[in-house]
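Pull up the model and have a look around with me. We'll go from the surface to the core and then on to the charged pairs.

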Amino acid sequence: MTVARVTELSAASPDGFEAAIREAIERANQTLRNVEGAWVKDMNVLLEEGNIKAYKVNLAVTFVLEDAT
């Protein structure tokens, strides 16, 4: 039987939504083992003086829990 956990991450990039998604997933893989998927929950932009400063995403990242030994 497999049990997974979901954790939420936010990431921002000045280069676009795809870059922000990649940054969040790369960071998740540095900390979490067995990352199996991600759901983009929300996308928005950060503004500064009326101009887009960064593209921000909120992700739900799923990772499988390891069996206790």
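## Out on the surface

Is M1 buried or exposed? Keep in mind that this is a predicted model. M1 counts as exposed, because its relative accessibility is 93% and the cut-off for that label is over 50%. You'll find M1 in the segment before β1 (4-13).

M1 also has some nonpolar company out there: together with V3 and L65, M1 makes a nonpolar surface patch of about 370 Å².

## Inside the core

Now for the inside. The largest nonpolar core is built from nine residues: A11, A20, A24, A28, L32, V57, L59, V61 and F63. Two elements, α1 (17-31) and β3 (51-64), each give two or more residues to this core. β3 has the largest share, with four residues.

F63, one of the core residues, is worth clicking on. Leaving out residues up to four places away in sequence, F63 touches A4, R5, T7, L32, R33, N34, V35 and E36.

## Two odd backbone angles

Most residues other than glycine have a negative phi. Which residue in the loop between α1 and β2 (35-48) should you check here? That would be N34, whose phi is near 65 degrees, a positive value in a residue that isn't glycine. N34 is partly exposed, as its relative accessible area is 38%, and N34 is also among the residues that F63 touches.

E49 is another one to look at: its phi is positive, at about 55 degrees, and E49 isn't a glycine either. This residue sits in the loop between β2 and β3. With 78% relative accessibility, E49 counts as exposed.

## Charged pairs

How many salt bridges does the structure hold? There are four. Among them is the pair E8 and K41, whose side chains meet at 2.8 Å, N to O. E8 belongs to strand β1 and K41 to strand β2, so this salt bridge ties together parts that are 33 residues apart in sequence. E8 is exposed, at 52% relative accessible area, whereas K41 is partly exposed, at 37%.

E18 and R22 form another salt bridge, also listed at 2.8 Å, N to O. These two are four residues apart in helix α1, which means about one helical turn separates them. E18 counts as exposed, with 52% relative accessibility.

K53 and E48 pair up as well, with their side chains meeting at 3.5 Å, N to O. E48 is partly exposed, with a relative accessible area of 45%.

Note on methods
Residues are numbered from 1 along each chain as its sequence is written. This is a predicted model: local features need pLDDT of at least 70, side-chain atom pairs count only at pLDDT 80 or more; totals for chains, interfaces and linings use all residues. Side-chain values use heavy atoms; hydrogens and water are left out. A nonpolar core is a set of buried Ala, Val, Leu, Ile, Met, Phe, Trp, Tyr and Cys residues joined through side-chain atoms within 4.5 Å. Buried means under 20% relative accessible area, exposed over 50%, partly exposed in between (1.4 Å probe, protein chains only). Contact means heavy atoms within 4.5 Å. Patches are made of residues with over 30% relative accessible area and no salt bridge: like charges are joined within 9 Å, nonpolar side chains (Val, Leu, Ile, Met, Phe, Trp, Tyr) within 5 Å. Accessible areas come from the Shrake-Rupley method with a 1.4 Å probe; for residues, only the protein chains shown count as cover.
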